[in-house]
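Me: I am new to this structure and would like to learn how to read it. Please take me through it one feature at a time.

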Amino acid sequence: MKTAKNTRLPLIFMALALAALFAASFGNMLGNKAAPFEKNAAQTGNSGMENAGRSEGEALPRRMTQEAQKKLAALMAEYQKDTKNIKSIIELGEFFSQMKEWPEAAGFFQKAVEVDPKNVNAHYWLAMSQYNMGNVDKAISGFETLLDIQKNPRAMFNLALLYKHGKNDMVKGNALLEELIALPGTDEDLRAMAKQELEAAN
């Protein structure tokens, strides 16, 4: 993911993650309103890969504020009352996503899809977590599973970018972009971005 041809992909994905996590409520993340990806990428300058390679179960870095520690304790206490409570599981996944602790986030989102296999939020953020850990193939699989459940425009756009810039599969990537452009109800900003991505390939 560090080669020249892949430079755009981490920036776009991290901008998406940041915009969705900090500019919208978690319940609205999968709406059709597109986040300003390029603008956020320029502001953050973050590759999205800073936690790649950290193994599951490795101790969290000691950088949580007291407020964050209290929030985590409250979330864990609620989760321990019922470890199959989908709301509690997703809230914990959201918490670790906000902390950019992707292995922990992935663990909770994985549990969420096991408890509720049709939960599109959980599938979306499981795929995003896998991407941010550098697991491109697992991210692709996750977005494909989500699209089997729901033709979500944002997931479709992300999957197209992964195929094009992560796997160098222009045929699959462009086909997904064309499908997204034709999909009824797609946000016009996202449709415009898909068209721009197609034009760039020509």
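Reply: Start with burial: buried means under 20% relative accessible area, exposed over 50%, and partly exposed in between, using a 1.4 Å probe and protein chains only. By that rule A68 is buried, because its relative accessible area is 12%. Over the whole chain of 202 residues, 50% count as buried. The model is a predicted one, in which local features need pLDDT of at least 70 and side-chain atom pairs count only at pLDDT 80 or more, while totals for chains, interfaces and linings use all residues. Residues are numbered from 1 along each chain as its sequence is written, and side-chain values use heavy atoms, with hydrogens and water left out.

Me: What is the mean pLDDT of the chain, and where is confidence lowest and highest?

Reply: pLDDT is the predictor's confidence in each residue, from 0 to 100. For this chain the mean is 77, and 69% of the residues reach 70 or more. Helix α2 (residues 37-44) has the lowest confidence, with a mean of 27, whereas helix α7 (residues 136-149) has the highest, at 98. Over residues 1-59 pLDDT stays under 50. Where pLDDT is low, the predicted coordinates should not be read in detail. The model has 116 contacts beyond four places in sequence for residues 1-59, a contact being heavy atoms within 4.5 Å.

Me: How many helices and strands does the chain have?

Reply: Helices (H or I, at least four residues) and strands (E, at least two) are DSSP runs, numbered from the N terminus. Here there are 10 helices and zero strands. Among contacts between residues at least 6 apart in sequence, 63% join residues at least 24 apart.

Me: Which residues touch the most other members of the largest nonpolar core?

Reply: A nonpolar core is a set of buried Ala, Val, Leu, Ile, Met, Phe, Trp, Tyr and Cys residues joined through side-chain atoms within 4.5 Å. The largest one has 49 residues, and F95, F96, F143 and F157 touch the most other members. At least two residues of this core come from each of α3 (66-81), α4 (86-98), α5 (102-115), α6 (120-132), α7, α8 (153-166), α9 (170-182) and α10 (188-201). Helix α8 gives the largest share, eight residues. Leaving out residues up to four places away in sequence, F95 touches M64, A68, K71, L72 and L75. A68 is found in helix α3. The C-alpha atoms of A68 and M99 are 9.1 Å apart, with their positions 31 residues apart along the chain.

Me: Why does the length of α8 agree with what a helix should span?

Reply: The expected span of a helix is 1.5 Å times one less than its number of residues. The 14 residues of α8 should therefore span 20 Å, and the end C-alpha atoms are 19 Å apart, which agrees. Helix α8 is mostly covered, with 13 of its 14 residues buried. At its N-terminal end N152 acts as a cap: a side-chain oxygen lies 3.1 Å from the backbone nitrogen of R154. Just after α8, N168 takes a positive phi of about 60°.

Me: Is S88 buried or exposed?

Reply: S88 lies in helix α4. It is buried, because its relative accessible area is 4%. Setting aside neighbours within four places in sequence, S88 is in contact with E78 and Y79.

Me: How many salt bridges does the structure hold?

Reply: Side chains of opposite charge can pair when their charged atoms come close. A salt bridge is a side-chain nitrogen of Lys or Arg within 4 Å of a carboxyl oxygen of Asp or Glu. The structure holds six. One of them joins E91 and K87, whose closest N and O atoms are 2.7 Å apart. Both residues lie in helix α4, four residues apart, about one turn of the helix. E91 counts as partly exposed because its relative accessibility is 27%, while K87, at 54%, counts as exposed.

Me: Which parts of the chain does the salt bridge between E179 and K151 tie together?

Reply: The side chains of E179 and K151 meet at 3.4 Å, N to O. E179 lies in helix α9 and K151 in the loop between α7 and α8, so the pair ties together parts that are 28 residues apart in sequence. E179 is partly exposed at 34% relative accessibility, and K151 is partly exposed at 46%.

Terms used
Polar contact = N/O pair within 3.5 Å; in protein donor to acceptor, adjacent residues only side chain to side chain.
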